[in-house]
Amino acid sequence: MPELAEVEYIRRQWDAGVGARVTRVALHAGKRVVRDVDPAECERLLVGSTLLGSEARAKQMIFRFGRGQQVAAWVGIHLGMTGELRIEPASFSPGKHGHFVLFQRERTLVFTDPRMFGRVRLAAGPEVPEWWAKLPPEVLSDEFTLERVTAFLSRRKKSAVKALLLDQTMFPGVGNWMADEILWRARIDPRTLGGQLKPAQVKTLWEETREVCRGALATVAIDFSDPPEDWFFHVRWADGGECPRCGLTIQTATIGGRTTRWCPRCQR
DNA sequence: CGAGATGTTCGGCT
DNA sequence: AAGCCGAACATCTC
């Protein structure tokens, strides 16, 4: 499910537990989602510590825990395809998909993930863990420059631009629907190879990548509401949709291993 | 019942 | 070596 803006929205679901101590943890040891977490270490680090705060970055989240304001442990969560965070009553008992659960006196913080493509990580100590510190520059940061994108595309000459937009090292946070939205706004055919894009198209792609991230964060991330009505988003979920710009029936194909929809007239 | 799903990662080929 | 592609992961929903 989640891309950039959805991840930010989902992260905030656990804000209800900020400032409160963890009384107990439960995880489905042996399941894929928690393969990086040692249950004993998890208990030692988290039980008795306070959830201090959290951040989202691209498709990832990190939660800080400690005593007082001193950070002593970090929990990283990637939601994969079907991960969700929820708050449940203190009396909650985790079901089949409740893979990582933090109990507090007045509520329970639950991470569910039926398909288990997500991932939980744990780190000890006051230092930001390396896997978080080393995430690539965010699309909306100053470091996400046109030059970076240009260099990337010229290195990946033989890949369809749709596949390239899904590369998290260059476009962190962009997922399948955002990639289609970006290409629709940039009027670029998703099958175009990286090496075939003209400099003007690369510039537009770079700009629209930022615009789509900005727009999604202004809507979806705030209250999980849909993006503006004129976005391609609204027509891209099924065959037979019409281009919001020209009205032509949109086209569907698998590109870069993912279902892709675009307007065959507007995007060339 | 089969197909496909807003994601990553691995292994093999060029 | 770097880049490219397809399969695999595990479960649910349409």
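**Briefing: DNA contacts, salt bridges and unusual backbone angles**

E106 counts as exposed in this structure, with a relative accessibility of 56%. Readers should keep in mind that the structure is a predicted model. E106 takes part in a salt bridge with R105, and by the rule used here the count of salt bridges comes to 18. The protein also has 13 residues that surround DNA strand C, and the points below take up the DNA surroundings, then the salt bridges, and finally two residues with a positive phi.

**Surroundings of DNA strand C**

- Among the 13 residues that surround DNA strand C, the closest are H97, R115, R155, R156 and K158.
- Of the atoms of DNA strand C that come within 4 Å of the protein, sugar and phosphate account for 64%.
- When the residues of this surface are sorted by class, eight are charged, three are nonpolar and two are polar.
- R115 reaches a base of the strand, since an N or O atom in the side chain of R115 is 2.6 Å from a base nitrogen of DNA strand C.
- R156 instead meets the phosphate part of the strand, where a polar side-chain atom of R156 lies 2.7 Å from a phosphate oxygen of DNA strand C.
- K158 is also found at a phosphate, but here a polar backbone atom of K158 takes part, and the phosphate oxygen of DNA strand C is 2.9 Å from that atom.

**Salt bridges**

- E41 and R44 form a salt bridge in which the closest N and O atoms are 4.0 Å apart.
- Because E41 and R44 are three residues apart in helix 2, which covers residues 39-46, they are separated by about one helical turn.
- The two partners of this pair fall into separate accessibility classes, because E41 is partly exposed at 27% relative accessibility, while R44 is exposed at 57%.
- R86 and E88 bring their side chains together in a salt bridge with an N to O distance of 2.8 Å.
- Both residues of this pair are partly exposed, with a relative accessibility of 28% for R86 and 21% for E88.
- The side chains of R105 and E106 meet in a salt bridge at 3.4 Å, given from N to O.
- R105 is exposed, with a relative accessible area of 67%, and its partner E106 is likewise exposed, at 56% relative accessibility.
- E8, R11, R12 and D15 do not stand as a simple pair, for these four residues are linked in a network of salt bridges.

**Residues with a positive phi**

- M116 is not a glycine, and yet the phi angle of M116 is positive, at about 60°.
- M116 is found in the loop that lies between strand 7, residues 108-112, and strand 8, residues 119-124.
- M116 counts as buried because its relative accessible area is 19%, and buried is the class for values under 20%.
- F224 is another residue other than glycine with a positive phi, and in F224 the angle is near 65°.
- F224 belongs to the loop between helix 7, residues 199-223, and strand 9, residues 251-255.
- F224 counts as partly exposed because its relative accessibility is 31%, a value that lies in between the cut-offs of 20% for buried and 50% for exposed.

Conventions: Residues numbered from 1 in each chain as written. Chains lettered and ligands numbered in written order. Predicted model: local features only at pLDDT ≥ 70, side-chain atom pairs only at ≥ 80, totals over all residues. Heavy atoms only, no water. Near = heavy atom within 4 Å. Polar contact = N/O pair within 3.5 Å; in protein donor to acceptor, adjacent residues only side chain to side chain. Nonpolar A, V, L, I, M, F, W, Y, C, P; charged D, E, K, R; others polar. Helix = DSSP H or I, 4+ residues; strand = E, 2+ residues; numbered from the N terminus. Buried < 20%, exposed > 50% of the residue type's maximum accessible area, 1.4 Å probe, protein only.
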